[in-house]
Amino acid sequence: MKKIVAALAALAICAVALVKPALAQDKKFTIALIPGLTTDGFYITMRKGAQAAADALGVTLVFQGAPDFNPVTQVPVLDAVIAKKPDAILIAPTDKVQLVEPLRKAHDAGIPVITVDTFIGSGVYQTGAGEADFPLSYIASDNILGGEIAARALAKAIGDKGKVYVSNVKPGISTTDQREEGFKKEMAANHPGVTVLETQFNDNDANKAASQLQAVFARNPDLVGVFGANLFSALGAANGVQQAGQTGTVKVVAFDAPTSIVDNINTGLVDVAIAQHPAEIGYFGVVSAYAHLTGQSIPVAIGTGFTIMDKANIADPNISKYLYSE
């Protein structure tokens with residue numbers, strides 16, 4: 001309910017901002033969007049939503065990022081953006097600890113910071129406590145809820161019994177940590193017939209995820225499902241299922257939904273995909289930054305939704321509209 005209220009608050013901000021552009025007519029604001037990486041359909045779609053808001057508000061949007069999801073490559077991009085002194089920064093931090101001090105540089109320089117998709121610290125901001133509560137807002141999917149939705153979808157696909165595991169990237173990434181948390185929480189609370197095996201971390205390497213699937217299956221020939229906490233994890237695990245000759249027997253639930261997921265679902269490589277709404281994240285990010293810059297208050301958290309995709313509904317335009325751009 002809190003997320004719904006926050007989202008409604010964001011819509012209210014949007015309405016106010018759009019009908020009162022005169023507040024900022026004396027200045028052309030520049031808002032920088034730094035994605036987790038530039039080549040992923042999720043962030044490309046986020047950029048489109050952000051650009052739509054920027055166009056409506058007369059804001060200049062700068063999109064600048066690294067080609068891979070890595071704090072080592074993201075921090076220099078952030079430093080370069082700070083040096084250009086934009087009016088606000090929207091960023092998907094690639095590590096919830098390692099990006100704290102780099103982002104503090106922006107804050108100390110008087111540049112408002114809003115995190116999108118991922119967060120720093122605990123993701124709970126403006127509390128006056130902790131070293132990472134200075135961002136104004138966190139705008140993202142509720143990833144714990146997303147993990148719970150994935151667990152329910154997988155449990156349904158396997159008849160609510162059997163062995164499953166989570167294929168994840170690495171510890172320390174806020175979004176995938178929370179998806180795993182939500183998945184395990186839902187399984188433990190409501191699906192006693194399902195056994196969750198040890199998580200396999202693949203370092204965002206689909207080939208490694210495929211090898212891990214085969215190794216887990218070799219140790220557990222009664223394996224019936226896997227949840228990929230991000231797309232690389234899911235597709236890698238799905239390829240491992242295929243290589244093990246278990247397509248259709250070992251069910252695969254994927255998080256995220258680029259257009260390529262349609263073929264994966266239709267061929268049975270992936271059974272279910274959980275689509276986020278990244279365009280909403282980008283849109284609300286720009287609107288919130290603009291609202292702050294024009295003297296309005298904004299929510300400290302705004303949650304966006306999910307759409308569940310499978311073979312039965314993937315052709316429905318009301319569902320397919322949530323596929324990510326590529």
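**Close-up views of a predicted model**

**Figure 1. Glutamine 74 is a buried residue, with a relative accessible area of 1%.** The model is predicted. Buried here means under 20% relative accessible area, so glutamine 74 falls within that class. Glutamine 74 sits in helix α3, which covers residues 71-83. A polar atom of its side chain lies 3.2 Å from the backbone oxygen of proline 35. Proline 35 also appears among the contacts of glutamine 74 beyond four places in sequence. Ile34 and Gly36 are on that list too. The remaining partners are Ala66, Ile91, Ala92, Pro93, Thr94 and Leu99.

**Figure 2. Valine 286 is buried in the model, with a relative accessible area of 0%.** Its helix is α10, residues 278-293. Which residues touch valine 286, leaving aside neighbours within four places in sequence? They are Ile31, Ala50, Ala53, Ala54, Leu57, Leu61 and Leu90. Alanine 88 gives a distance to set beside these contacts. The C-alpha atoms of valine 286 and alanine 88 are separated by 9.1 Å. Along the chain, valine 286 and alanine 88 are 198 residues apart.

**Figure 3. Glutamate 148 and alanine 153 both lie in helix α5.** The helix takes in residues 143-157. Glutamate 148 has 13% relative accessibility and therefore counts as buried. Not counting residues up to four places away in sequence, glutamate 148 touches Gly182, Phe183, Lys185 and Glu186. Alanine 153 has 14% relative accessibility, so it counts as buried as well. From alanine 153 to serine 325, the C-alpha distance is 24 Å. These two residues are 172 apart in sequence.

**Figure 4. Helix α8 runs over residues 231-243.** Its 13 residues should span 18 Å at 1.5 Å a residue. The end C-alpha atoms are 18 Å apart, so the model agrees with the expected span. Buried residues of α8 are Leu231, Ser233, Ala234, Leu235, Gly236, Ala237, Ala238, Gly240 and Val241. What do the buried residues of α8 pack against? Three of the partners are strands: β6 (162-168), β9 (223-228) and β10 (251-255). The others are helices α7 (206-219) and α9 (261-266). Just after α8 comes glycine 245, with a positive phi of about 70°.

**Figure 5. The whole chain holds 11 helices and 13 strands.** A compact globule of 326 residues would have a radius of gyration near 20 Å. The protein chain has 20 Å, so the two agree. Along the principal axes, its C-alpha atoms fill a box of roughly 65 × 40 × 35 Å. Of the 326 residues, 56% count as buried. Consider contacts with a separation of 6 or more: 74% of them join residues 24 or more positions apart. The chain exposes about 13300 Å², and carbon and sulfur atoms supply 55% of that area.

**Figure 6. Residues 31-296 carry a domain annotation in UniProt.** The unreviewed entry lists this span as "domain: Periplasmic binding protein". In the model, the span is 45% helix and 18% strand. The C-alpha atoms at its two ends lie 16 Å apart.

Note on methods. Residues numbered from 1 in each chain as written. Predicted model: local features only at pLDDT ≥ 70, side-chain atom pairs only at ≥ 80, totals over all residues. Heavy atoms only, no water. UniProt positions renumbered as here; feature names shortened; annotations may be inferred. Helix = DSSP H or I, 4+ residues; strand = E, 2+ residues; numbered from the N terminus. Buried < 20%, exposed > 50% of the residue type's maximum accessible area, 1.4 Å probe, protein only. Polar contact = N/O pair within 3.5 Å; in protein donor to acceptor, adjacent residues only side chain to side chain. Contact = heavy atoms within 4.5 Å. Rg over C-alpha atoms; globule rule 2.2 N^0.38 Å. Areas by Shrake-Rupley, 256 points an atom, 1.4 Å probe, with all protein chains shown as cover. Expected span 1.5 Å × (residues − 1).
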